[in-house]
Structures are given as structure tokens and as C-alpha cells.
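Open the model in your viewer and keep the selection box handy. We'll go stop by stop, picking something to select each time and saying what is there.

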Amino acid sequence: MDETLRSEGEGLHTEDMTISMGPQHPSTHGVLRFVIKTDGEVMREAIPDVGYLHRSIEKIGEKVTWHGYVPYTDRADYLAAMFANQGFCMAAERLGGVEVTRRGEFCRVIACELNRIASHLIAVGTFAQDIGAVTPFIHALRERETVNDLMEEICGARLTYNYIRIGGVGYDITPQTCDRITQFLDHFEPIVDEFNRLLSYNKIFIERLAHVAPITKEDAFQYNIVGPNLRACGVKWDIRRDIPYSVYPELEFDIPVGTGEKGTLGDCYDRYIVRILEMQESCKIVRQCLKMLPKGPAIAKVARKFKPPAGEIYVRVEAPRGDMGFYVVSDGSEYPYRVRIRTGSFTAMSLIDKLSRGLMVADLIALIASLDVDAPEIDR
Amino acid sequence: MQQLLNQLIQEGYFHGAPMELVYAGFMLLAAFVVLSFFVAPLAGITSWLERRVWARIQSRVGPNRVGPQGILQWLADGIKNLLKEDIIPTAADRRLFALAPYVVFAGFFATFVVIPFGSQLIVADLNIGILYLLAITSLVVVGILMAGWSSNNKWSLLGGMRSAAQIVSYEIPAGLSLLTIVFAAGTMSMQGIITAQGWAPWNWFLFYNPFTFVAFFLYFTAALAEGNRTPFDIPEAESELVAGYVTEYSGMRFLFFFFAEWGNLYVIGAIATTLFLGGWQIPPVTDHPILAGVLQFIVFFLKAYLWVFVAMWVRGTLPRVRVDQLMSLCWKYMVPLAFICLLGTAAWMVIWPQGNRLASFFMFLIGLGILGLFLKRVSFQIRHARPVLYLKPYI
């Protein structure tokens, strides 16, 4: 309470209240902390304090072998573990000149897009819960549970998959699993409509989100906002299309962008609806992949003692929380020389301070939820 | 009840005892009986039912272990909370902190004095029944503010302040819409209002004229806000304020707040039933006083419980509004509308002092139409809802 304000005219003594929000606050998704200064309900500032979930994943990269590091990348963002797997494996493959088998690429895309659906379900579900609607959260988790079951079938794990390996994928996708994935997609696509009826076009929900904390394109570029948050500002930028990797160039999919349909361009509602639309696009991608799935081995032959030649590389993948980059340096040994992970949530956090000024406390919650920041991904 | 007591006194059962003591003792006995045999199980079973209904809405199972279908869950929770350690934070204002739950509870419990469960089943038919209701429920705000302030926690304080602003604001539309009925009935006594209506729906004050029809929904919305229910549960918004004013409470004191909240749901329904839905009025099917009393009680209970169910349903469906939206909804829309209803009813009574049968019947048809539209919508949702996808395991 260091700042003392005097309201005009009355000489009434008022003070700003400094509140520590988190790290145990229910809506700070994991362990985030904000030091917020409020004047009653109106926010003066909200300073993010990160680092509560730091597990030195990058440092560990220097201590384990190339193959051995893949399980650690799962933990970088445990809601979308597949993408960190893929990012690191792509970096290693490009350094070592490994050609991924074609079936392996398709398996990767199927697994990744299913994972994207799961991650976005968590995002919109927790979003709804932070706005105060608990039912959509549980409906979203119910569907995610099915995705988890599918993932369990594909790779044996439900959360930290360790599925994508250097050179391909760990296990082939069986025909039965393909049938089940189709079954799930048939089930899931109408669910999105149900979700829209329940939540997306709810009057209170729109009122809460429209015009709240809009991000301008300039801000988005300056603060390096990526992924769905960037697309919500109306920028059509998707790594899958613009810096293509894997088999994405062969697939047809739209890139949903925010249109400001209920409020300002780039407000919380746009960030929400972009995720809903992306889930539908992911469904399309998975359907195409299942149709195009070629025959062949799922993984290429890679030396057990994988030693890529000395060099450095930066690889980007489109994770659910935006552009996930792996900067990997090799000195030609069994161990990576340096691994650096660049994640979308970390940059999104830096914008919260600027956007939060003048918002209500409830809007801050909506803002954090709409950016879909994820504590493990911020701190790594 | 009072008549019975007077009769007993006249017959000399309490010979020599001062009248005041007899009355006080009798009131205490009545309070005890109502609390332990009606209010506590009612709030408990409401809590269980809410959890079950909520679970069904969210495609979960809900508590189903204690007793058949988990109906005794509330008892288990109560015992558990009684046995828990009662923590009072060192920084808290001990006396206020300890007192606050009882004030909230008293504010809720005292409303049962004037709730008419039947033509004979009422603790005291005060001639200022509605005024008493409005006054006594305001006590809840005091308790919540005390809890918020004395916890010495910033989240609690924010919750308490929100709650005070919310409840005080929403008392105005609630009070005004109740006043509409007082105009129409010409009395403030709860029994008087019920007897001014009939058993048939078109004789209810809900369909008395278009203004009372609107006033009912105004009252129900405002009452939800006063009871801190979704979509107006901002004082204890768990995603914003941790737990609002109950953040620092634990054990039985914590339970008391929720006891009051769940019990309050029924009170909201009971007041709505008394004022708008004809209360305990039943068609003349029996002359037997006890049988009639039982029927009246059942009718009243079901009518009131319907609104408890609606409140649960609303809670399972809607997100929460923001503080400023809550206030603007109250002051910009509900208060002016409530005033219009009040003046409209006054004008209506000048034009048709005996009420207008045709208009009542017409309003009844409109009400049926709205209900039909609602049910159509619900059936659409049910038909288009998809069940859980069950992938059969291989093994």
C-alpha cells in the first residue's frame, strides 16, 4: 500500500489495495502469481510473477542423450505434450539429417491434432469456469477424456506421451484405432455445436467477454504474441501454413482468425471463438490424415547412439499455445550442447501488465484465461 | 398456533406462570421444532439435491454413497464439519468472526416465522408479514459484511463489499415487486395475501394483470441476487475471489453460511409461492381439517420447491455476470421496471377495483404459451444433446 491517492473534492483518504493473487489462487491455472493493485474493483496494475514451476528442462537437455531428452520435453507443456515432442525431434532430425518415414509423419499429425483438440478443450473449459459457468468445463473435460483414451490406445500414455521419437513415432497407429478416431470425430463435431448453444452464444458470456482487453495488431507484434492469441487479432499467421513442416502442406485446412464479431477485434471473445473454430479445423485435418495414411514403417532406422554433426538449428512448430520454438546446438557428441525452448505463454504473460490497467478484477481473470497461459509452459 | 396457545392459557394449563415467559418459551420450542425437524433436513436435502441435479446436468454422478441415492450425504457432511477444527486466524477480529455466521443464519432462519405452510401451519401470522420479511432478510447483509471485514483477508473484504452493494441494491426491485402484490391484495399479512387469491391458476396474483406477471420475474431474479446465487454469485465467486467472504472460515462456521444459502433457496421459493402462486390454496376436495392441512402443506411445498429446482437449473447453465453489469442491470433496468409495475398495478386497481377476470384468464394463457415455448426449447436441447462416447475396451 505504498501509493496513496486523494480523491478530488472530498479530501477522503483512500489507498490502493495491493493483493497477491496466487500462486494458490483457483483461477491462475497452475502456479502463477500476480501482484495486483486495485482501487476497489478496478485494477491499477497486475504484475505477473513467474517461476513457480521452473524445472530447468532446458538445462536437463544438456545432461541427457538426444533420445533420452524426448520424455523431458513432454513436461514442457503437459497439456500439449505432443508438440514439444515434435519440436525437439524435428530439431534433432534436421541436425542429424534423418528422414522421417511418411507414415510416421501422418501418425505425428494425427496425434498432434488430437492433442490440439484436447488442449483447446481444456482452454475453453477452464475459460468458461473462470467466467463462472461450471457445466461447460465438465462437458469439455468429458470429451477430453475420450481423447485421452484414444491417446492411451495410440501410445500408452494419457498425458505425457513420449510418442514422437527421432525418426518417426514410437508405435504405429492400428486400423482399429483409426476406426475409433473416426468414431470420436463423428461424435465430437456435433458436440462443438452443442457447446456453442450452451456457452458461446450465451448472452451473459458474450457480455463478459466482448470489448474486454482487446489486443491490437501492433501490440501483438511488439509483444510477440503468437498462436491463437495472434490470430484472434486478425493476423492470419500459422506456422503450419507459413513455415510448413511435416505433411501440413498436403492437407487442406482453414486458419480461423478473429473478426470482432461480438465486440472489438482481438478481444477476449475473439480469442475464445478462434479456439473453438480451431478444434473444428483439427477435426478436418485428422479426417484427411486418416484417409491419406500410407503404408510403411512408422519409424526410420536411427542409430541408438545418435550423434548429429556439430551445428545449430531453430525449429518452430504450431503448438496450441502458439509458436513453440526449439533452438538446439549440437557439438557432435551424444548430448545436446544447448537446448532452448521458446513458448507462447511466456510472451503472452508479458502483455498482461499492459492490458490489465483499468480492468476490473473479474476481467483480469477473463484475460488470463483467454490468453490460455499455462504455468508449465511459462517456466519450463 | 397462537390461538392454540391462547386457548391453553385460558384453560389454565400454565397457572401462575407469567404470560411473557410462557410465550417466550413457546416461541423457543417452536423455533427448535421448526429448525430441527424442518429447516435442517430441508437445507440438507436441498444441498444433496442440488449436487445431484448439478451432477446430472454436468453428466457426472454426484454423491450417491451415503444412504439410498446418497440422500444422507448432508448428514455425513454436517457431522464431518462438526468434528473439524474451528480455525480462527490470528489476525482476525475474533468476536466478530465468530459471530458473523450466526447473524447470517438468524437472518435466514427468522423468515420461517411468517412462512405459511398451510391455513393453520404458520408460526405467527403477523399483520406486517412482508415488511417483517424484508427487514429480517437484511440482517444477512450485516452478517456477510461482518464476515468479510473481520476475516482480515483482502479477498474476504472484497467479497463482503461486493455482497453489501449487491444485496442492498437488489432489495429495492425485490421490495417493489412485493409491494405490487401488497397493492393488489390490500394486506401485508401472508395469510391475507394467500386468501386473496384462489386455488385456480387464473386466480393467482401472477396472472392478476400484466404488471404482476412481470413483477414475479423481477422478484425471482432479484431474490436470486439477494441469495448470492448464480448468475449473481459474485460475492463468493470462487474463480475471482477465492471464496469471497467465507475464505477464512472452516468447519461448522463455514457450514452455517451454506446452510443459510441452501435454506434461503427454499425461502425464496416459498415467498414467490405465497405472493404470486396462490400459496397453499387447494381445490375444495375435503372437509377434514387434518387431511386438508396435509394437502395444503404438500401443495405449498411442491410449488416452492419448483423454484428451488429452477434456481439449481439456472446455476448449472449460466455464467456469472460482472460487478458493474450486475449493478447496471439492477439500477438501469430492474428498478425502473419494478416502479412501472407498481404504478401499473395501482392504475389497474383504480380502473378495475375488483380485478379483471378476462385479463387474468388472458394472462394465464400467455403464461401457458411461455411455458410451452420453454418446454419446446428444452426438448430441442435434450434431443440434440449427445451422450458420452463410450469406447469399449479391447480387453
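## Stop one: chain B as a whole

Start by selecting chain B. A compact globule of 395 residues would have a radius of gyration near 21 Å, and chain B comes in at 23 Å, which agrees. Keep in mind that this is a predicted model. Line the view up with the principal axes, and the C-alpha atoms of chain B fill a box of roughly 65 × 65 × 50 Å.

Switch to cartoon and you get helices: 13 of them, with zero strands. Walk from the N terminus and the elements read α-α-α-α-α-α-α-α-α-α-α-α-α. Buried residues account for 43% of the 395 residues in chain B. If you turn on contacts in chain B between residues at least 6 apart in sequence, 79% of them join residues at least 24 apart.

## Stop two: the two domains of chain B

Now colour residues 1–83 of chain B as domain 1 and 88–378 as domain 2, following the domain assignment. The C-alpha centres of these two domains of chain B sit 20 Å apart. Across the boundary, 18 residues of domain 1 of chain B contact 18 residues of domain 2 of chain B.

On the domain 1 side, pick α2 (19–57) and α3 (73–83) of chain B, each of which supplies at least two of the touching residues. The biggest giver there is α2(B), with 12 residues. Colour that side of domain 1 of chain B by class and you'll find 11 nonpolar, six polar and one charged.

## Stop three: zoom in on one methionine

Select B:M363, which lies in helix α13 (residues 357–384) of chain B. Is B:M363 buried or exposed? It counts as buried, because it has 22 C-beta neighbours inside 10 Å and the cut-off for buried is 20 or more.

Leaving aside residues up to four places away in sequence, B:M363 touches B:F207, B:N209, B:P210 and B:F213. Draw a distance from B:M363 to B:N209: the C-alpha atoms are 6.8 Å apart, although the two residues are 154 residues apart along the chain.

## Stop four: where the chains meet

Bring chain A back in. Here 28 residues of chain B are in contact with 34 residues of chain A. To see part of the chain B side, select α11 (289–317) and α12 (323–351) of chain B, each with at least two residues there. The largest share comes from α12(B), at three residues. By class, this side of chain B holds 12 nonpolar, eight polar and eight charged residues.

## Stop five: chain A

Hide chain B and colour chain A by its domains, 4–49 for domain 1 and 57–379 for domain 2. Taken over C-alpha atoms, the centres of these two domains of chain A are 32 Å apart. Their contact takes 16 residues from domain 1 of chain A and 19 residues from domain 2 of chain A.

Select β4 (33–39) and β5 (42–49) of chain A next: each puts at least two residues on the side of domain 1 that touches domain 2. With seven residues, β5(A) gives the most to that side of domain 1 of chain A. The class split there is eight nonpolar, five polar and three charged.

Last, recolour chain A by pLDDT. The chain averages 85, and 97% of the residues score at least 70. Among the elements of chain A, strand β1 (residues 4–6) has the lowest mean pLDDT, 49, while strand β8 (residues 311–319) has the highest, 90. Over residues 1–7 of chain A pLDDT stays under 50, and for that stretch the model has 11 contacts beyond four places in sequence.

Terms used:
Residues are numbered from 1 along each chain as its sequence is written. Chains are lettered from A and ligands numbered from 1 in the order in which they are written. This is a predicted model: local features need pLDDT of at least 70, side-chain atom pairs count only at pLDDT 80 or more; totals for chains, interfaces and linings use all residues. Helices (H or I, at least four residues) and strands (E, at least two) are DSSP runs, numbered from the N terminus. A residue is buried if 20 or more other C-beta atoms lie within 10 Å of its own, exposed if 12 or fewer, and partly exposed in between; C-beta atoms are placed from the backbone. Two residues are in contact if their C-beta atoms, placed from the backbone, lie within 7 Å. Ala, Val, Leu, Ile, Met, Phe, Trp, Tyr, Cys and Pro count as nonpolar, Asp, Glu, Lys and Arg as charged, and the others, Gly among them, as polar. Domain bounds come from an automatic or database domain assignment. pLDDT is the predictor's confidence in each residue, from 0 to 100. The radius of gyration is taken over C-alpha atoms; the globule rule is 2.2 Å times the number of residues to the power 0.38.
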